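Here is a set of exercises to work through with the sequence and the coordinates side by side. Try each task yourself before you read its solution.

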Amino acid sequence: MVPRGNFLFDRRAQMLKPKQLSSIQQASIRKLVHYAYRNTAFYRKRFDDAGVRPESVKSLDDMSKIPFTVKTDLRDNYPLGILAVPLNRLYCLHASSGTTGKPIVVAYTRGDLERWSRLMGRTFDVAGVRKGDIVQNMYGYGLFTGGLGFHYGARAVGAIVVPTSVGNTKRQLMLMKDLQTTVAACTPSYMVYLCEASRAEGYEPRKDFVLRIGLFGAEPWSEEARKRIEDSFGLRAHDCYGMSELCGPGVAIECEQREGLHVWGDEFLVETIDPDTGEVLEPGREGELVFTMLSREAMPLLRYRSRDLSRVFEDECACGRYHSRIARIKGRSDDMLIVGGVNVFPSQVEHVLMNVPGLGDQYQIIVSHEELDRLTVKVETAKHRLQDPELTKTVQEDLYATLGIRANVEFLEEGTLPRHEGKARRVVDLRPKE
Ligand SMILES: [Zn+2]
């Protein structure tokens with residue numbers, strides 16, 4: 001057994017009071033604006049074009065003067081156009097997992113890397129991982145920030161890290177049992193797949209494995225998927241949030257209350273905006289999350305539009321931490337499908353499917369166009385229910401109630417749909433591109 005104790009990694013930072021947090025943010029924002037203006041041609045031009053002098057950003061109240069940075073800015077400045085330090089101060093480079101075109105390169109100084117490790121250490125600590133825990137890290141090692149990010153975090157809290165990386169499911173399960181892995185770190189869709197794969201391989205997940213904590217992130221997932229994972233493995237699942245552009249994972253993590261994810265306010269300033277108008281929204285209202293990194297050296301990032309939709313809560317959390325929280329990510333605005341004029345998030349479809357008894361874990365969303373847009377949801381189920389009209393009706397009605405549009409529902413035999421080892425690719429859009 002791992003001693004649980006009340007050990008808190010980076011305790012002082014985790015427990016900062018509201019006044020302390022806001023004074024760190026006030027001091028950092030002034031420094032950051034000058035730093036970015038002085039050291040990068042990109043921000044100098046961006047500020048000059050907007051007619052904003054760095055001196056005019058005096059406090060957090062002036063945040064809205066700062067122009068947004070968007071993903072295409074990073075692409076257009078490929079590979080290292082926004083670098084604020086000389087090359088010889090860099091310690092490592094990562095790149096986003098883009099499937100088309102040039103990726104986004106992210107650079108770290110030694111200080112950036114240390115800060116990232118510390119944030120990941122907090123991630124593990126908040127989820128309850130302790131020295132002696134065995135962490136099976138099934139995030140991809142490589143350019144993707146997931147593998148090394150979780151690796152650094154496990155090292156920071158003194159846990160034992162097993163760097164299995166993605167794939168080779170049989171070996172993952174064998175090691176999980178033989179090494180008595182206590183912490184699983186991977187994408188939630190892969191963990192859902194492991195539920196099924198472990199049974200197919202003859203394991204009884206609750207008997208053969210001793211997992212107690214799961215750190216799941218890198219894609220939006222639903223409460224229903226969480227319940228399935230927890231029921232199958234008997235572990236406690238925590239949602240983790242981050243993205244390569246903002247150092248990687250480690251931006252936000254669910255505490256034991258699991259009522260939103262704490263964003264580390266001493267390193268990140270989070271705002272919510274209306275994605276159409278750019279107007280800043282009051283806390284609690286749903287919108288696009290915008291992040292400012294307060295102390296990154298290699299590549300400063302000011303008011304970065306994440307395209308992730310969520311809400312920010314600033315009230316006190318029962319855990320005693322004052323770092324503000326974001327609600328579970330509803331979806332990335334890039335993942336949102338517009339089907340016949342209606343907004344559809346894959347996470348909404350997952351929410352419906354996982355609530356209908358008798359359906360498998362794997363599904364696919366297909367959008368096609370035959371005179372009108374058509375939405376088809378393919379989902380696996382047991383052989384004897386493939387032609388079950390009652391089941392079809394239930395799924396169709398529930399989808400309609402949630403999405404507001406009709407969907408065709410097709411049942412497939414278990415094991416038919418593709419399985420994913422990293423981030424799941426569940427949407428197939430067959431509509432002609434403009
Ligand atoms: Zn909390």
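**Exercise 1: the nonpolar core**

The largest nonpolar core has 66 residues, and those with the most contacts inside it are Phe124, Leu215, Tyr241, Leu246, Phe268, Phe291 and Ile326. Its largest share, six residues, comes from helix 5 (residues 110-126). A nonpolar core is a set of buried Ala, Val, Leu, Ile, Met, Phe, Trp, Tyr and Cys residues joined through side-chain atoms within 4.5 Å. Buried means under 20% relative accessible area, exposed over 50%, and partly exposed in between (1.4 Å probe, protein chains only). Helices (H or I, at least four residues) and strands (E, at least two) are DSSP runs numbered from the N terminus.

Before going on, a note on the model: it is predicted, local features need pLDDT of at least 70, side-chain atom pairs count only at pLDDT 80 or more, and totals for chains, interfaces and linings use all residues. Residues are numbered from 1 along each chain as its sequence is written, and side-chain values use heavy atoms, with hydrogens and water left out.

Task: find which residues Ile326 touches, not counting residues up to four places away in sequence.

Solution. Step one is the cut-off: contact means heavy atoms within 4.5 Å. Step two is the list: Ile326 touches Tyr241, Ala252, Gly260, Leu261, Val263, Val270, Leu289, Ser310, Arg311, Val312 and Phe313. As background, nonpolar side chains tend to be buried together in soluble globular proteins.

**Exercise 2: two buried charges**

Task: Arg296 has no salt bridge; which side chain of opposite charge is nearest? Then do the same for Glu267.

Solution. Start with the terms. A salt bridge is a side-chain nitrogen of Lys or Arg within 4 Å of a carboxyl oxygen of Asp or Glu. Lys and Arg count as positive and Asp and Glu as negative, while His and the chain ends are not counted.

Next, locate Arg296, in the loop between strand 11 (287-293) and strand 12 (304-310). Arg296 is buried, and the nearest side chain of opposite charge, Asp112, is 5.4 Å away. Now look at the backbone: the oxygen of Glu245 lies 2.8 Å from a polar atom of the Arg296 side chain, and the oxygen of Met299 lies 2.7 Å from a polar atom of that side chain.

Finally, turn to Glu267, in the loop between strand 9 (261-263) and strand 10 (268-273). Glu267 is also buried without a salt bridge, with Arg115 as the nearest side chain of opposite charge, 4.1 Å away. Beyond four places in sequence, Glu267 touches Arg115, Arg118, Leu119, Thr292, Met293, Leu294 and Ser295.

**Exercise 3: salt bridges**

Task: how many salt bridges does a search of the whole structure find? Then examine the partners of Arg115, Glu223 and Lys393.

Solution. The search finds 35 salt bridges. Take Arg115 first: it pairs with Glu297, the closest N and O atoms being 4.0 Å apart. This pair links distant parts of the chain, with Arg115 in helix 5 and Glu297 in the loop between strand 11 and strand 12, 182 residues apart. Arg115 is buried at 16% relative accessible area, whereas Glu297 is partly exposed at 23%.

Next, Glu223 and Arg328 meet in a salt bridge (3.3 Å, N to O). Glu223 sits in helix 10 and Arg328 in the loop between strand 14 (325-326) and strand 15 (331-332), 105 residues apart. Glu223 is partly exposed at 39%, while Arg328 is buried at 19%. Both belong to a salt-bridge network with Arg226, Asp239 and Glu254.

Last, Lys393 bridges to Glu397, with the closest N and O atoms 3.9 Å apart. Lys393 and Glu397 are four residues apart in helix 12 (residues 389-403), so about one helical turn separates them.

**Exercise 4: cysteines**

Task: why does Cys92 form no bond with the closest cysteine sulfur?

Solution. A disulfide is a pair of cysteine sulfur atoms within 2.5 Å. The closest cysteine sulfur to that of Cys92 belongs to Cys247 and is 11 Å away, too far for a bond. Across the whole structure, zero disulfides are found. As for accessibility, Cys92 is buried at 19%, and Cys317 is buried at 3%.

Note on methods: Polar contact = N/O pair within 3.5 Å; in protein donor to acceptor, adjacent residues only side chain to side chain.
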